[in-house]
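Colleague: I have a new structure to read. Can you walk me through its features?

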Amino acid sequence: MLEHDVLVIGAGLAGMRAAIAARANGANTAIISKVHPVRSHSNAAQGGINAALLDRGDDWEDHAYDTIKGSDFLGDQDAIEVMCRSAGKALIDMEHMGVTFNRDDEGKLGTRAFGGQRRARTFFVGDFTGQALLHVMFEQLIKSGVQSYEEWFVTSLIIEDGQVGGVTALEIRTGQLHAIRAKTIIFCTGGCGRLFEPSTNALIVTGDGMALAYNAGAGLMDMEMVQYHPTTLAGSGVLLSEAARGEGAYLRDKNGNRFMEKYAPNMMELASRDVVSRAEQTEINAGNGINGCVFLDCTHLGEALITEKLSQIREIGIDLAGVDMVREPVPIRPGMHYIMGGIKTDIDGQTTLPGVYAAGECANVSVHGGNRLGANSLLDTIVFGERSGNHAAEASRSIPFLPFNEQEVVSREEQRIREMLERPDNGDRWGNIRLGMGESMVGNVAVYRDHQSVEEAIRDLGQLRDRYAQVPVHNKNRVFNTDLVFALELGYMLDVADTIAVSALDRKESRGAQARTDYPSRDDENWLKHIVAKKGEVGPEISYLPVTITKWELEERKY
Amino acid sequence: MDVTVKIKRFDPEADHPESYWQEYAVALPDNATVLDALIKIREEQDGTLTLRCSCRSAICGSCAMRINGHAALACKTALSRVLDGDNAVVVEPAGVMPVVKDLTVNFDPFWDKIRAVEPYLQPQGAEPAGEYIASNESMLHLSGVTACIMCGACVSDCTVLEVDPTFLGPAALAKAYRFTADPRDGNREGVSRERLHQLSEPTGIWDCTRCNECVEACPKGVAPMDRIMALREQAVNAGFTRNNGARHTSAFTESVGHSGRLDELMLPIKSVGGITNVGAMLSYAPVGWRALTHGKMPPLRHKNVENVENVRRLFRKLEPDLYGPEIGKSSPFG
Ligand SMILES: Cc1cc2nc3c(=O)[nH]c(=O)nc-3n(C[C@H](O)[C@H](O)[C@H](O)COP(=O)(O)OP(=O)(O)OC[C@H]3O[C@@H](n4cnc5c(N)ncnc54)[C@H](O)[C@@H]3O)c2cc1C
Ligand code: FES
């Protein structure tokens with residue numbers, strides 16, 4: 001039977017960083033991913049990674065303050081301190097591993113400005129920073145000797161008497177089901193963007209790990225905090241990085257006005273994302289857009305700068321919208337991009353389930369609170385990926401393997417899958433259910449939301465869940481049955497969507513990405529707290545946790 | 001627009017697994033990509049259609065396949081650019097790699113070759129406390145190579161791999177160049193001697209035939225063949241000239257630079273290190289015999305072209321360092 005001290009689920013930046021750390025600590029480590037590691041969604045990060053480098057006159061406390069303010073004071077300050085203090089080393093480590101960061105005139109690492117920060121502290125590789133980091137991390141994974149299960153899809157956690165002891169996984173290429181035993185498990189399964197339609201996220205980003213942990217009894221925290229990014233391309237909804245605004249691009253309405261003057265006179269286009277997205281949505285609602293879009297204007301930046309620093313997004317505009325940003329403004333709108341919420345963990349990645357860890361976008365430590373600053377997520381994946389890997393390796397020394405009957409576990413899971421494959425064709429398709437969910441989430445748990453809209457989402461989700469229970473899988477074969485994988489993912493997505501909607505309904509204030517038109521202001525007295533959703537009898541049950549405040553005091557948030 | 005997508009399919013679980021063609025009619029917005037069409041077919045018409053895709057924005061490298069006979073990313077290919085007169089497009093799995101199912105191919109050999117070039121930075125000496133100091137130009141140059149998303153389009157259309165599966169191939173060699181050209185890799189001067197030595201062996205840099213297919217197939221402008229040529233130059237500069245590839249190039253240039261035409265008799269002999277390489281000489285015997293008996297034997301006495309001095313002037317102009325006043329002494333590249 002396959003057995004490991006540490007099993008990392010997910011091979012994006014967080015997962016590979018965790019696995020490399022665990023291996024370096026001497027643990028027998030494996031990593032499992034439903035796609036080849038370099039196909040992971042961390043690829044898509046364009047703009048960069050934040051770090052306050054002391055030799056540049058920057059200060060981690062400054063970075064922490066910007067992050068806390070960006071989070072609308074919902075981030076836990078102890079966790080934010082850990083992240084910002086570790087950032088410099090994490091960045092230099094990545095450079096030593098071989099990342100080809102852009103440089104300044106002296107040959108040192110160069111920076112660009114990013115939203116919500118008073119200093120330029122975003123380090124970057126053109127506008128494909130995520131890909132550059134991910135491929136280098138994969139190089140290190142090869143070097144590390146970590147066992148890698150590529151294109152294996154985790155279908156369930158193996159739990160006996162409340163103890164998690166492994167996973168079942170489908171080897172996609174053969175269709176064979178396996179059980180893998182592990183002393184500790186680290187979830188690094190990424191976000192859940194595909195619950196929304198459209199979204200900037202890749203098709204594989206379906207919240208699997210969040211759902212698996214939730215169903216095993218872990219708490220999902222601050223799930224209402226869904227980030228809508230200000231600049232997603234009209235039509236396909238693909239992202240055009242904040243790097244464009246960092247390099248000086250403007251946002252304009254249909255008459256050419258830079259409307260951010262009204263909303264954030266100091267930071268303008270570089271206010272934090274929730275602020276800019278709301279401004280755009282307000283303008284669009286007021287009829288100042290065209291076809292539901294406002295414009296990202298890069299024409300004054302010049303072709304040379306765009307070629308050096310924004311070439312990949314220029315290409316996207318040309319390929320997907322037929323617009324060359326060198327010559328004309330690009331139509332954009334707010335689009336679902338990131339989830340601040342996730343599996344609740346402490347600063348070592350430990351969840352409330354013994355031996356189970358989480359890091360990266362699927363986790364919530366919480367460093368992003370109500371709104372994540374651009375370029376803080378890559379940092380989050382690397383810092384907390386490494387910490388989880390270290391801690392899990394150490395912990396696995398004193399944890400025994402959970403005894404379970406491999407045959408039994410696998411045949412139980414096979415039975416469940418067979419049942420799905422044998423469902424009669426009732427004419428429905430998982431694609432339609434996913435689309436229904438995505439459109440309802442984007443429509444009702446939107447940039448602006450209220451009691452009524454969120455209730456509507458909850459109603460829709462209930463109906464979709466009933467349909468899901470009957471949905472047929474058309475492909476009955478074993479080999480590379482993506483039809484089956486998508487159907488299983490849809491189950492995960494519906495679980496996570498529930499927790500988002502229920503949390504959004506619960507928080508009766510406006511904070512960060514949660515903008516309730518029926519409760520338009522922040523209410524520190526009643527709502528300066530985390531919302532935790534746990535699986536209950538009939539759906540998510542809500543409880544609360546205090547926000548950790550160390551030395552940064554609450555203040556009104558203006559940009 | 002209404003389009004017809006003609007897809008080459010393969011089901012390994014069929015009673016008699018064989019490729020076959022299937023056509024689908026789909027209606028799509030005018031700016032749709034080939035991937036949009038395939039996803040629509042998969043979600044709405046035929047759940048058995050199998051392909052890899054994820055990011056939809058040419059960054060994850062999942063969706064390389066042959067579109068109208070040439071490797072491309074489905075998510076980066078606008079349908080309007082590839083439809084024929086009947087609004088149809090032909091989609092097949094990527095080449096060279098074995099098909100698993102429909103449009104998915106087995107990448108194992110691809111990754112084995114990436115692994116073979118030891119794809120991680122190997123600096124000699126202690127790491128600096130902060131970052132390595134390096135020029136922005138050097139990093140931008142490397143970023144042009146690290147822009148590779150490992151989609152396999154270049155491998156799919158590589159004409160050498162088609163006939164010689166042992167060739168490291170364009171993706172792995174471009175990956176290798178990413179390290180040899182990195183000022184942080186290798187010795188203090190940034191020369192990755194060990195890598196260049198390895199890459200000069202058979203199956204490496206000298207096996208490329210410069211057909212340019214990989215340059216055309218690459219969706220990210222990495223231009224693998226150009227990187228292979230740069231590797232050759234690095235290898236020769238580092239002194240790795242005692243191999244057939246380097247000798248071939250050197251003999252080729254020497255001959256043309258000296259006489260204005262190729263000395264077809266001497267080229268193969270010089271390529272293997274000269275007449276004393278008895279094994280190689282013997283292996284030429286059958287070809288030589290056939291050439292002789294078919295009247296294809298190159299002239300024994302190699303003659304200069306007319307006005308050979310013009311050719312020599314050209315060489316001097318192109319490579320003044322190498323050709324100086326004397327011609328054909330050193331070993332530059334063709
Ligand atoms: C377009 C875009 C641009 C961005 N730009 C930036 C930026 O400039 N700066 C920044 O800091 N952040 C950015 N972000 C956010 C950041 O990229 C992500 O939050 C981060 O990369 C997530 O990394 P991760 O390791 O947590 O997850 P991912 O990279 O998403 O990896 C998840 C892994 O889990 C695996 N997995 C999931 N489910 C299963 C399962 N059931 N079985 C097996 N394996 C599974 C997947 O295969 C994958 O390997 C951007 C995000 C997007 C969408
Ligand atoms: S889907 Fe990612 S490269 Fe095409």
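**Ligand and salt bridges**

Modeller: Start with the ligand's surroundings. In chain A, the elements α1 (13–24), β2 (29–33), β7 (152–160), β14 (330–339) and α11 (377–396) each give at least two residues to the shell around ligand 1. Keep in mind that this is a predicted model.

Colleague: How many residues surround ligand 1, and which are the closest?

Modeller: There are 37 of them. The closest are A:Ser40, A:Ser42, A:Glu361, A:Ser377 and A:Leu378.

Colleague: How many nonpolar, polar and charged residues does the shell have?

Modeller: The shell around ligand 1 has 15 nonpolar, 18 polar and four charged residues.

Colleague: Which polar contacts should I look at?

Modeller: Look for pairs of N or O atoms within 3.5 Å. A nitrogen atom of ligand 1 lies 2.8 Å from a side-chain N or O atom of A:Asp208. For the side chain of A:Arg372, a ligand nitrogen is 3.4 Å from an N or O atom. A:Gly48 takes part through its backbone: a polar atom there is 2.9 Å from a nitrogen of ligand 1. Now consider cover. Alone, ligand 1 would expose 1000 Å², and the protein buries 98% of that.

Colleague: Next, salt bridges. What is the idea?

Modeller: Side chains of opposite charge can pair when their charged atoms come close. Over all chains, this structure holds 65 salt bridges. Take A:Arg17 and A:Glu386, whose side chains meet at 3.2 Å, N to O. A:Arg17 is in helix α1 of chain A and A:Glu386 is in helix α11 of chain A, so the pair ties together parts 369 residues apart in sequence.

Colleague: Is A:Arg17 buried or exposed, and what about A:Glu386?

Modeller: Buried means under 20% relative accessible area. A:Arg17 has 7%, so A:Arg17 is buried. A:Glu386 has 21%, so A:Glu386 counts as partly exposed.

Colleague: Which other pair can I practise on?

Modeller: Try A:Arg273 and A:Glu242, which form a salt bridge at 2.6 Å, N to O. A:Arg273 lies in helix α8 (residues 273–285) of chain A, and A:Glu242 in the loop between β11 (226–233) and α6 (243–246) of chain A, so the bridge ties together parts 31 residues apart in sequence. Both residues are buried.

Colleague: And the surface?

Modeller: Go to chain B. B:Trp289, B:Leu292, B:Met297 and B:Leu300 make a nonpolar surface patch of about 490 Å². B:Trp289 sits in helix α13 (residues 278–293) of chain B. Its relative accessibility is 58%, so B:Trp289 counts as exposed.

Key:
Residues numbered from 1 in each chain as written. Chains lettered and ligands numbered in written order. Predicted model: local features only at pLDDT ≥ 70, side-chain atom pairs only at ≥ 80, totals over all residues. Heavy atoms only, no water. Near = heavy atom within 4 Å. Polar contact = N/O pair within 3.5 Å; in protein donor to acceptor, adjacent residues only side chain to side chain. Areas by Shrake-Rupley, 256 points an atom, 1.4 Å probe, with all protein chains shown as cover. Helix = DSSP H or I, 4+ residues; strand = E, 2+ residues; numbered from the N terminus. Nonpolar A, V, L, I, M, F, W, Y, C, P; charged D, E, K, R; others polar. Patch = residues over 30% accessible without salt bridge, like charges linked within 9 Å, V, L, I, M, F, W, Y side chains within 5 Å. Salt bridge = Lys/Arg side-chain N within 4 Å of Asp/Glu carboxyl O. Buried < 20%, exposed > 50% of the residue type's maximum accessible area, 1.4 Å probe, protein only.
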